[in-house]
Amino acid sequence: MNDKKLMNRAADNIRILSVAMVEKAKSGHPGGAMGGADFINVLFSEFLIYDPDQPEWSGRDRFYLDPGHMSPMLYAALTLQRKFTIEDIKQFRQWGSVTPGHPERDLAHGIENSSGPLGQGHAYAAGAAVAEKFLEARLGHTTMQHKIYAFISDGGVQEGISAEVGRLAGNLGLNNLIMFYDANNIQLSTECGAVMNEDTGMKYRAWGWNVLEIDGNNPDAIREALVSANKEKNRPTLIIGRTIMAKGALQADGSSYENSIKTHGAPLGGDAYTNTVKNLGGDPEDPFKIFPEVQKLYDDRATELRKIVAERHAAEEVWAKENPKKAEQMHEWFSEKAPKIDWSGLVQKRDIPTRNGSAACLGVIAEQVPNMIVSSADLSNSDKTDGFLNKTHAFTRDDFSGAFFQAGVSELAMACMCIGMMLHGGVITAMGTFFVFSDYMKPAIRMAALMKTPVKFVWSHDAFRVGEDGPTHEP
Ligand SMILES: Cc1ncc(C[n+]2csc(CCOP(=O)(O)OP(=O)(O)O)c2C)c(N)n1
Ligand SMILES: [Mg+2]
């Protein structure tokens, strides 16, 4: 356990680097990053398990940042991990730099994902948690024992998709999913109280989550919550961290700049910036500085991690020797190569509905592609993804040996979670619904394309003449 003073110093370092990035870029979002710094610091310096020498290691814990606008906080923490250089973060938000705003995916630099569109990011995390359970059911605990961490903010919690994800993750008992909610009561244009007054904790409890409520700027409370969340056996965990927007910020006249909407999406500016850097123990002449004791904290963690992952790699090797066939499969699944399929047995009759043709194909895939997950938004027997389902069974909270994800009527969460499963690695996903309801998935379709994540969309009932359902079902 690290000393509290050191942890606060490290969080302040993340805050200083964050405001410096935004100030230099003349654009960005300092306030949220400053409030969330304590959580990311505790997670990255004490909990997150990754291989410092092999960023793509399949057994790594994963961290998904729903509010991509808080990426300065992520870049700062990754710089402490030595994944980015000071020169890199000085180029924040610049054309062609490795530190764009809202980075999507950059595994080499430790970025699993950050979401531009609020709400989608934590759905990717929930999908990754499903993929981990699915793979654990096939490969075992030795290779699949990692945790999926998500960071969500007020915006993500307000988005409708959070209700879909909340229900699905709770229903499936995704105890490998640990989500921190940065509850700072501030958003882009108002205080949160102007638009939300429900009991968020109660909402997630109703969905079957383990909910912990803490002071999100206190490293001891964060640590305690993460220890407890890691022990949870049956439920996803939501850690509601009450945080202070722009923690430590001062205005030009030296008065507090905390809890101000103005710090959401603009540089602190001029004297406010200088005062803030000083207040946080930094040097306004040299704000891109990493304090030696903070670098040591992260370097010591890297040393510790090298020991932890050496043991994990050794156990994986023993497992691979004892399970050569599974090990070979795992290697192939994580290679992201297209599976080999023998289509020779497939006979398609003439003049059948295309969805029946699709069902026949999915049946072949079900038999030959053991790392395939198919999903449907409560239309499997109509969109004919049941061609796949009939050869397997749906996930339940205690059993991920099947390969079908019943999403219920939740097209957007289904799409995002399927993307998240593929972002996790090791699986291929396809999902079905009526063509007309793909409109509910549009934000995810766009992101899948942008991130080049090859999820498969199965859209049926795409003809003008959809029949008795009438115009609402016509594309
Ligand atoms: C789907 C979507 N709608 C709107 C936005 C624009 N936007 C970015 S941040 C933000 C406010 C978010 O508030 P919060 O999540 O509380 O972040 P904080 O102000 O605390 O940093 C909005 C509306 C977005 N990124 N995504
Ligand atoms: Mg907020």
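**Exercise 1. Which residues in helix H10 (residues 270–279) are buried?** Then work out what they pack against, and what comes after the helix.

*Solution.* Keep in mind that you're looking at a predicted model.
- Step 1: a residue counts as buried if 20 or more other C-beta atoms lie within 10 Å of its own. In H10, Ala272, Tyr273, Asn275, Thr276 and Val277 are buried.
- Step 2: look at what sits against them. The buried residues of H10 pack against helix H1 (4–25).
- Step 3: move past the helix. H10 is followed by Gly281, and the phi of Gly281 is positive, near 90°.

**Exercise 2. Find the strands that pair with E6, and say how covered E6 is.**

*Solution.*
- Step 1: start with E6 itself, which spans residues 237–242. Five of its six residues are buried, so call the strand mostly covered.
- Step 2: take strand E4 (residues 177–183), which pairs with E6 in the parallel sense over six bridges. Asp182 stands opposite Gly241 in E6.
- Step 3: now strand E5 (residues 210–215), which is also parallel to E6, with six bridges. Here Asp215 has Arg242 of E6 as its bridge partner.
- Step 4: trace the chain from E5 through helix H9 (residues 219–231) to E6, and you have a right-handed β-α-β unit.

**Exercise 3. Lay out the sheet that contains E7, and pick out its edge strands.**

*Solution.*
- Step 1: write down the order. This open sheet of four strands runs E8-E7-E9-E10, with parallel pairing.
- Step 2: read off the edges. Strands E8 (404–406) and E10 (456–460) each have a single partner strand, so one side of each is left without a neighbour in the sheet.
- Step 3: check the twist. Neighbouring strands of this sheet are turned by 20° against each other on average, direction ignored.
- Step 4: zoom in on one pair. Strand E7 (residues 372–376) and E8 share three bridges in the parallel sense, and Ser376 stands opposite Gln406 in E8.
- Step 5: add the helix. H16 (residues 411–424) lies across E7 and strand E9 (428–434), and runs at about 170° to E9.

**Exercise 4. Describe the shell around ligand 1.**

*Solution.*
- Step 1: pick the nearest residues. Of the 18 residues around ligand 1, Gly32, Ser153, Asp154, Gly155 and Gln187 come nearest.
- Step 2: ask which helices contribute. Helix H2 (30–47) and helix H6 (154–158) each supply at least two residues of the shell.
- Step 3: sort the shell by class. You get six nonpolar, 11 polar and one charged residues.

Definitions and conventions. Residues numbered from 1 in each chain as written. Chains lettered and ligands numbered in written order. Predicted model: local features only at pLDDT ≥ 70, side-chain atom pairs only at ≥ 80, totals over all residues. Pairing = 2+ DSSP bridges. Axes fitted to C-alpha atoms, helices over the stretch in contact; angles between N-to-C directions. Contact = placed C-beta atoms within 7 Å. Near = placed C-beta within 6 Å. Nonpolar A, V, L, I, M, F, W, Y, C, P; charged D, E, K, R; others polar. Buried ≥ 20, exposed ≤ 12 C-beta atoms within 10 Å, placed from the backbone. Right-handed = clockwise from strand over helix to strand, strands pointing away.
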